[in-house]
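I opened the notebook to record what I looked up in this structure. The entries follow the order in which I checked things.

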Amino acid sequence: MKDIFDAFEKGQNEFLNSLQDATAWGPSEHFTRYQAQATELANLAELMGRGLTQHLTGITEAHKARWQQNLSDAGKAVEDVGAAQKSGELYKAWEDYWQDSAQRLVLTMDTLRRRGDIFLEHEEAGCPPVLKYDYELVLDGADLPRPSCYMLLKIIPPKDVPCREPKDWKRPYIIIDPRAGHGAGIGGFKPDSQVGVALRDGHPVYFVAFRRMPEKGQTLADVTHAEAAFVRKVKELHPEAPNPVVTGNCQGGWATLLLAASNPDLTGPVILNGAPVATWSGRVGENPMRYNAGVLGGTWNAMYYSDLGHGVFDGADIVQNFELLNPARNYFGKYYDLYAKVDTEPERFLEFERWWGGYFLLNEAEMKWIVEQLFVGNRLAKNEAQLEPGRNVDIKNIRAPIIVFASWGDNITPPQQALNWIIDTYTDEREIAIRGQRIIYMIHDQVGHLGIFVSSKIAKKEHTEVTSTLKTIEALAPGLYEMTIDDYEGGLLEREFTVSFHERKMDDLKRIDDGRDDEIPFAAVARASEQQAEFYDVCVRPFVQAGVTEQSADLRRKTHPLRLQRAMMSSLNPFLSWLPDQAERVRGERAPAEAGNPFAELERVNAALIEQSMDLFRDLRDTAYENLFFSLWGSPYMRWFGRTRQPGRTLKRKDELRSLPPVQAALMHIEEGGFCEAVIRMLILLAESRGNVRRDRLERSARVLTQDEPFKSLTPDARSFMLQEQTLITEFAPEQALAALPKLLKTREERELATRVVRYIPGAIEEMTPHTLETLQRFHEVLDLPPVSGDITEDPLVATDVTLETGKNGAQAALEETGRVPSRAASSSNAPRKASPRKPAARKTAAGKTNGSGRKPRAAPKKPREKAD
């Protein structure tokens with residue numbers, strides 16, 4: 001028995017040991033794990049419930065109002081029928097309606113026949129750009145060392161549209177259209193689009209277009225290299241102009257980011273219109289398109305359809321997905337509108353269909369990269385996207401201002417997808433400033449996806465404003481801003497806008513979204529997509545490719561439903577040979593029904609009910625779509641499965657930003673510099689005291705920093721470097737930056753002039769906020785000057801005789817060390833510089849002499865600028 005009792009002795013039995021251990025009776029690791037899974041399930045149920053509530057509430061509110069309106073209209077139409085019967089005019093109304101509807105049917109069919117003919121002609125011509133403007137080919141991507149199907153076109157200003165004469169010294173615009181199934185030209189599709197706005201202001205405009213068929217072996221890296229070559233060519237053609245503005249529409253937006261991040265020295269301001277960058281983002285209960293990969297399949301789909309195309313992906317498949325997003329409009333609404341307004345609608349209908357019906361092709365490598373890296377992998381925002389092996393594309397490399405357009409009315413690229421990459425890329429708004437970047441965004445309430453860059457009056461207003469404000473934007477201190485257009489007045493050519501720039505924080509961007517927990521299931525989709533693609537590539541692809549030939553691929557493209565419906569309703573169809581003559585006869589005998597015809601009203605009500613029923617189907621489908629997605633990919637197991645692909649990237653902590661080399665380098669020069677550094681430092685401190693910047697103040701700041709000496713003679717690189725350096729100093733050492741001002745401004749004359757310049761920017765004292773006035777008073781105290789009194793209404797640097805001991809500033813010296821800037825900038829001279837009253841610019845006469853001030857200019861005299869520029 002001794003052995004039995006020994007077995008229960010303490011220290012020899014794990015059970016007895018556990019009885020002595022108080023922690024053994026606490027929750028076990030397994031219990032904690034189960035509790036966490038239960039919490040995840042509860043969160044998933046809450047997420048799905050919130051989405052379902054949002055969907056059902058939206059369906060109820062939208063369709064209830066429409067149903068009531070349609071019933072009311074139907075009741076009124078029935079009453080009109082009864083009234084016509086009582087008055088004895090019912091048969092006449094029916095006869096008129098029958099004749100009118102039959103004629104409209106013939107004219108509608110003829111318009112569809114014309115659409116088919118236009119489609120066939122467009123295809124036979126190789127689907128050229130649908131630009132409204134004439135253009136000339138500047139550079140063909142097929143001739144580059146890495147050939148691509150892209151082309152650089154120069155837009156020729158039309159003679160019949162009022163616009164300023166293009167100036168070579170004005171900043172050029174380069175517009176990159178999306179290659180997402182359709183062809184190029186949507187950015188210049190209407191007179192009020194981006195091309196028209198820039199042309200009216202006298203800017204040279206270039207357009208990046210592409211051919212229908214990609215070059216053999218073409219990749220996204222080749223496309224980016226071609227776009228970089230295009231920008232270099234534009235810079236070569238306009239040596240006096242600043243770096244060109246590059247505008248990217250929709251998927252051309254992320255292509256523009258790839259270009260700017262890979263070539264940060266090439267581009268000027270970058271404008272992104274409805275660009276899907278953070279592709280997992282969106283609101284629960286909205287934006288169903290982002291669930292496609294989780295429900296329909298990921299990368300393997302693109303690979304499979306590319307194999308069916310013999311290595312080429314058919315863009316018509318992408319367009320078909322777009323159409324399914326809104327079936328009521330694309331399969332019924334637009335055709336009924338044509339039928340109902342056949343006397344006025346055909347030309348507008350045909351103009352749009354010419355672009356919508358031009359289907360372009362992509363190589364398998366291109367389509368796979370887009371799906372795998374962006375829409376499924378969401379790698380661009382996570383700094384994992386690679387155009388080429390070993391070369392990650394980092395958005396932080398971009399140095400030019402980034403301007404983002406988004407809209408709540410955009411159901412393809414919601415604001416979250418257009419803006420959340422900012423949150424994923426930077427620790428906070430301070431890191432944006434530290435890296436010398438300016439990110440400005442604008443969100444509209446209503447304009448749709450195409451309206452952002454086609455013909456919406458709202459979009460026209462926004463593009464016109466950005467066109468006239470770019471120079472002002474570049475005078476902003478680095479940081480994150482929201483731009484709002486408050487008002488405008490005057491004709492188009494002389495239009496003046498009132499805009500505001502408001503400093504924003506990351507928390508402001510986060511409030512645009514309803515939380516980001518709904519993005520976690522996409523990580524599981526990304527991992528599953530990779531595994532499916534590997535399985536397909538190894539086990540299925542060889543058999544698919546073995547059964548596909550070039551002829552079968554061509555047959556599949558020709559018999560695609562979108563192409564087939566256009567070809568069948570064209571003059572190639574012998575059963576439609578009677579249609580042109582009959583349509584011509586109908587036009588000559590056209591007899592529209594009178595307004596108020598009760599049968600025409602009944603037709604309109606029936607059409608509205610059909611469209612509403614299709615919208616109801618779409619809304620219910622989207623509801624089921626979202627719930628299916630979260631049911632498949634939102635469980636605790638799937639969250640665990642996707643843990644290695646979780647959204648987000650490792651960002652520096654806020655306390656680590658100070659250790660970045662640019663910050664340390666700037667802080668080492670806190671007591672170095674002269675007049676230029678001091679004025680810029682004070683302006684940045686003053687801007688931080690306001691929180692937002694009015695347009696008139698920005699204009700005065702831009703004029704001082706770009707048109708007045710000694711700033712005027714600074715090169716753009718030196719000015720930008722100085723702005724960034726002083727921003728870092730004021731951000732990380734504001735008190736030391738303020739205390740060091742006397743060391744930058746050594747004489748009393750310099751101090752008085754500098755403070756007058758700084759007081760001139762905010763305007764009258766009565767318009768200043770108390771904090772702004774307090775900051776100005778602190779400047780005067782530190783510089784040992786009398787208190788602030790009186791308004792400064794005239795630019796102090798226009799006429800002054802103060803000697804400025806600038807010396808070689810830190811920005812210029814640093815840039816000279818890197819060889820980026822010649823040593824002839826204004827503040828690079830070691831001798832004192834005296835600012836004299838402004839005189840007419842010196843111009844060379846025919847004999848080579850100078851006039852005006854009698855002093856040789858530092859560089860070739862620039863052409864006179866227009867007032868608006």
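Entry 1, a buried helix. I noted first that the model is predicted. I then went through H14 one residue at a time. Pro-415, Gln-416, Gln-417 and Ala-418 are buried in H14. I found Leu-419, Asn-420, Trp-421 and Ile-422 buried as well, and the list goes on with Ile-423, Asp-424 and Thr-425. Buried here stands for a relative accessible area under 20%. The helix covers residues 415-425, and 11 of its 11 residues are buried, so I wrote down that H14 is largely enclosed by the rest of the structure.

Entry 2, the whole protein. I looked up the totals next. The protein has 869 residues, and buried residues make up 52% of them. I counted its elements from the listing: 32 helices and 17 strands. Which share of the contacts with a separation of 6 or more comes from residues 24 or more positions apart? I found 80%. The protein exposes about 40,000 Å², and carbon and sulfur atoms supply 54% of that area.

Entry 3, a patch on the surface. I turned to the outside and found a nonpolar patch formed by Tyr-91, Trp-94 and Trp-98. Together these residues have about 430 Å² of accessible area. I placed Tyr-91 in helix H4, which runs over residues 90-124. Is Tyr-91 buried or exposed? Its relative accessible area is 62%, and exposed requires over 50%, so I entered Tyr-91 as exposed.

Entry 4, a residue inside. I then checked Asp-615, which is in helix H22, residues 598-633. Its relative accessible area is 8%, so I entered Asp-615 as buried. What does Asp-615 touch, leaving out residues up to four places away in sequence? I listed His-63, Arg-66, Asn-326 and Ala-328. I also looked up a distance to Arg-329, which is 286 residues from Asp-615 along the chain. The C-alpha atoms of Asp-615 and Arg-329 are 8.6 Å apart.

Entry 5, two helices packed together. My last check was on H11, residues 327-340, and H12, residues 346-356. They pack at an angle of about 150 degrees, and their axes are 10 Å apart. From H11, I noted Asn-330, Lys-334, Tyr-335 and Leu-338 in the contact. On the H12 side they meet Pro-346, Phe-349, Glu-353 and Trp-356. I sorted the residues of this contact into five nonpolar, one polar and two charged.

Key: Residues are numbered from 1 along each chain as its sequence is written. This is a predicted model: local features need pLDDT of at least 70, side-chain atom pairs count only at pLDDT 80 or more; totals for chains, interfaces and linings use all residues. Side-chain values use heavy atoms; hydrogens and water are left out. Buried means under 20% relative accessible area, exposed over 50%, partly exposed in between (1.4 Å probe, protein chains only). Helices (H or I, at least four residues) and strands (E, at least two) are DSSP runs, numbered from the N terminus. Patches are made of residues with over 30% relative accessible area and no salt bridge: like charges are joined within 9 Å, nonpolar side chains (Val, Leu, Ile, Met, Phe, Trp, Tyr) within 5 Å. Accessible areas come from the Shrake-Rupley method with a 1.4 Å probe; for residues, only the protein chains shown count as cover. A salt bridge is a side-chain nitrogen of Lys or Arg within 4 Å of a carboxyl oxygen of Asp or Glu. Axes are lines fitted to C-alpha atoms, for helices over the stretch in contact, and angles run from 0 to 180 degrees between N-to-C directions. Contact means heavy atoms within 4.5 Å. Ala, Val, Leu, Ile, Met, Phe, Trp, Tyr, Cys and Pro count as nonpolar, Asp, Glu, Lys and Arg as charged, and the others, Gly among them, as polar.
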